[in-house]
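Subject: The structure we talked about

Hello,

Here is the structure I promised to pass on to you. Please have it open while you read, and my notes on the cysteines and the aromatic side chains follow below.

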Amino acid sequence: MPHAATLFGALLIVLIGSVPVWANVQAEPSSRESTRATGEEGAGPVRNPDTELAWAQAKKSGERVEVASRNSEFTTVWANPDGKTLSATLSTEPVRVRTGKSSGDWQPVDTTLIETNGVIKPRRVKGQLALSSGEGKRLLTVMTSKGEAGIDWPGDLPRPQLHKDTATYTDAVTPGTDLVVRALPESFSLHVVIRERPKVPLAVRLPLALPESMTYGRTKDGKPQLLTSGRTAAARPVVTEMLDAAAGSSPGKGRIGDTDARLAGSATDPTLVIEPDAKFLADHTVRYPVTIAADPVWVGAGLDADTFMCSNGPTTTQIASTYLRAGSNSQGHCRVYLRFLVSDTDIAGGKILNADLQMWNWRSTTCGSAVGSGIVARMVTSSFNPATFTWATQPTTTQTGQAANQAAYSDTCSWGEGQLIHSVEQIVQAWADGTTPDHGLLLRGVVENTTPNYRQYVSAERNHADPRGHAPQLFVQYEPVKRVSFAVAGDESLPAGALEGAPFTFENFYGLPGFTTENLDRLRETGELPGPLPSQEGGEDWTQPATHEPSIPHTRPQPGEPGYEEDPPTDPPGQQTVTLPVEADLWLDDSGYVGGDSETLWAGLYSFSGPLVRERTYLSFDTSQLSGKTVTNARLELQNSYAFGCGGAGAGLKVRRVVSDWTPDSVNWANQPSTTEGGAAVATDPLPCTADSPSTGDGWTWSLTDMAKAWASGQPNHGLVLSAADESAAAEYDRGFLSSRTTEGEKPKLVVTYTDDSSAPASKARHGTAADPWPVEERGDKLVQFWPDRDNKRINLREGWYDYRTGDGFGMTKMEDKHGLDWTVARTVTRRALAGTGKYQQVEDPWRWNYELNLRLVDCPLFSLPWESHDHPKCKLLDSTRVRVVVDFSGRKYDGSNIGIITGHCIGQGFCLPWVNMIENPA
């Protein structure tokens, strides 16, 4: 009958590919300990301890403690003294900027203007902004999402007066009329300030330098408008107005005048000409100074932090205004739009306990706890562009979760200025859950009519000039979603933007070899992985090369040549190695089944539908050529193909010597030959077996030196039997290996090294000649593990050696001791490296090949909801490195196989960081 595990294993291969390696145990244990983390810390993804430390400090001090690793561009996070919740404040514009690629490279925004080498720039902002120091005709240059843009000046610019974030070009337009530029965290504001009544008509000319993809055109009624390369609107038509000193303070007060904006020049080299109404400026009721705002969207550099729009100016949004206005007066209704990026923050996925929209109210209709119908905060439910939307094309909103507040403060009454709060827990929870995109918040009057009911708030733009701050802010207290940090290997694993700090989703791991839906779900929900991850490359598809001999000439430097290195001490000459093929093999179990023609040899304990079934494999080798020889080393090599169960403590497979005759045609469970425990050897999985998911595709080895010595001394050789180390165990531990009938992979073999007093080579030696004998075994040549690379080339890992004084050495010892790189990582690199950029031949030594692969440390949240419902990005890239493994394919080792791994290291690092050795998708 066919073995049930064979059918089930084949099904696994069809569905998920071969099962890969998981951790760090060698097939033949080394005398040295691996550098890979063990115990709880190494058993699964690692957690960032920053939050736990901050909670402990907060509990001790009784005050909240900032958690810098959880901060983002718009968000500041604190750990609360209760030890389980966090508090965060979100701003509508950047409060810090990244100065490097790691998660901790944040610096606070500083818009203070400084002059360096004749150029005025803000100290630290998002993007780039440069102002004229009074030389040349370029007033300012700004980097937009579409490229570099700027505003020129037709005349000579005076040297500006700098005050904090503001540059004032006094009398630049005419005597008494200034240009005022303010640096903002991600843009700028530009105002024409008319300090005194002009004596002649004014005309402000602004030559615009546009990004290459943008042009200017005219609307049907002749208004200038910024266009994309496809001739679609990139901003609203240019409409400007003048506000006198009183109008900027209170709705319904002061004077607002018209200006005429027209286009001069060409579509790609335009000049905006703004002509204020001369009658307005001459009116004695107009209070000076009068201000004209130049919108940054005119050059494609608009802001989307906060803005407001009024029904009496239906095509104008005040995205550069220093105040925000919501509510109604006799002239119309105003609405405020705010955007807080919750989905890209640490709040995403958390349980919201409190969420307050905090607005600093400095002017209102009047003061009181119930003024008019009040102002209501609503969730915006559709996307919008502050640079293009109008009163008629406002985004949609919902009343679900809305929060109203009737209170009002004002600097014109006894209450003075103050903070107004809208409790928006339901809205923020929807954003945190990912069930509703965070398009923003709307502030408007509860009832919009002609009854005076307005609130005027400090905007983000005014916040920089106001030493008290008071910009719009969202305060959130929440229980954070658990997060997990883990390392992944693969050049295609993350989107390109992740390298520059862009967040990404779990979905991005689907293209990464070694991850499945089940792995993602378990990782997302629990922070743990079920064990070995399936790989897209595996040993089952490997065909052993016909020869170990490389097809390229050996150009290793010879004595006296540059680069020559003296070999380490060797054993005495006369040593030979032979590889003996299996002559007969079969497997059987205690249910009566005998597999004499199977491509798989089974051994261990197998669970099917009742008690555990015991399985054994019998092997025989012709060792007659060992007679009279002095055996120094012998090992059995089998290629694993299937594996089921992890067994209990001490689980493994034991090889014993058979001491009575048997034949493949006669042996069965009831008629097995006798065995002896003398010289018996036990081997375990090359990599740890976790979550009942063992690895496959690896080479297993058993040291049989004592058995080979017995055969060489004249004791009969009746073969070997392979079985569970403890056949009375109660847990499944079943392993399948390639038999002599396999057409792919390595067949069973016995590799024996011996010395012979005769000068003639052994009659059946497979390697070397009398004229060119094969090298003797050298220090560190012991084979620890072997596997195929992605092109089915055999990779050998030898124990190696390392000299701390000189830095010389090779193999596992040098790789781990000098560079801190675990052999399982080297295996993953050689199995996943792509030809060309990831696998290439060394020019200076064509025997040697470099394998390279990216490793990345990522941080992701663990959601309680299905991850498919989260359409916003969550994961972050914390760190990355590229690992290089150097492999020598020259076949000059004592056992006839290639030298193998020379070394492995993290490029640019002397010693690899610990996370490198904890990749969750090894191969």
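Let me begin with the pair Cys906 and Cys912: the torsion about their S-S bond is about 115 degrees, so this disulfide is right-handed. Before going further, please keep in mind that the model is a predicted one. The sulfur atoms of Cys906 and Cys912 are 2.1 Å apart, and both of these cysteines are buried.

**The other disulfides**

How many disulfides does the structure hold? The count is 4, and I will go through two more of them here.

Cys646 is joined to Cys689 by a disulfide with an S to S distance of 1.8 Å. With a torsion of about -70 degrees about the S-S bond of Cys646 and Cys689, this disulfide is left-handed. Where do the two cysteines lie? You will find Cys646 in the loop between strand S37 (630–644) and strand S38 (653–658), while Cys689 is in the loop between strand S39 (675–683) and strand S40 (699–703). The pair therefore ties together parts of the chain that are 43 residues apart in sequence. Cys646 has a relative accessibility of 15%, and since buried means under 20%, Cys646 counts as buried. Cys689, at 22%, is partly exposed.

Cys367 and Cys413 also form a disulfide, with 1.3 Å from S to S. This pair links distant parts of the chain, 46 residues apart. Cys367 belongs to the loop between strand S25 (351–364) and strand S26 (375–380), and Cys413 to the loop between strand S27 (397–405) and strand S28 (418–423). Are these cysteines buried or partly exposed? Cys367 is buried, at 17% relative accessibility, whereas Cys413 is partly exposed, with a relative accessible area of 25%.

**Aromatic rings**

Turning to the aromatic side chains, a search of the whole structure gives 12 aromatic pairs. One of them is Trp602 with Tyr642, a stacked pair whose centres are 5.8 Å apart, with 15 degrees between the planes. Trp602 sits in strand S35 (residues 600–606) and Tyr642 in strand S37, so these rings link distant parts of the chain, 40 residues apart. Trp602 and Tyr642 are both buried.

Another pair is Trp702 with Phe737, and here the arrangement is edge-to-face: 6.1 Å centre to centre, with 70 degrees between the planes. Because Trp702 lies in strand S40 and Phe737 in strand S42 (residues 733–738), this pair ties together parts that are 35 residues apart in sequence. Trp702 has a relative accessible area of 1% and is buried, and Phe737 is buried too, at 0%.

Which residues make up a cluster with Trp602? Tyr642 and Phe644 do, and together with Trp602 they form one aromatic cluster.

**Charges over rings**

There are also arginines to look at beside aromatic rings. The charged end of Arg735 sits over the ring of Tyr733, at 3.9 Å from the ring centre. In the case of Arg794, the charged end sits over the ring of Phe786, and the distance to the ring centre is 4.0 Å.

If you want a place to start on screen, try Cys646 and Cys689, where one cysteine is buried and its partner is partly exposed. After that, go to the stacked rings of Trp602 and Tyr642.

Best wishes

Methods. Residues are numbered from 1 along each chain as its sequence is written. This is a predicted model: local features need pLDDT of at least 70, side-chain atom pairs count only at pLDDT 80 or more; totals for chains, interfaces and linings use all residues. Side-chain values use heavy atoms; hydrogens and water are left out. A disulfide is a pair of cysteine sulfur atoms within 2.5 Å. Helices (H or I, at least four residues) and strands (E, at least two) are DSSP runs, numbered from the N terminus. Buried means under 20% relative accessible area, exposed over 50%, partly exposed in between (1.4 Å probe, protein chains only). Rings of Phe, Tyr and Trp (its six-membered ring) pair if their centres lie within 6.5 Å; planes under 30 degrees apart count as stacked, over 60 as edge-to-face and the rest as tilted. A charge sits over a ring if NZ of Lys or CZ of Arg is within 6 Å of the ring centre and within 35 degrees of the ring normal.
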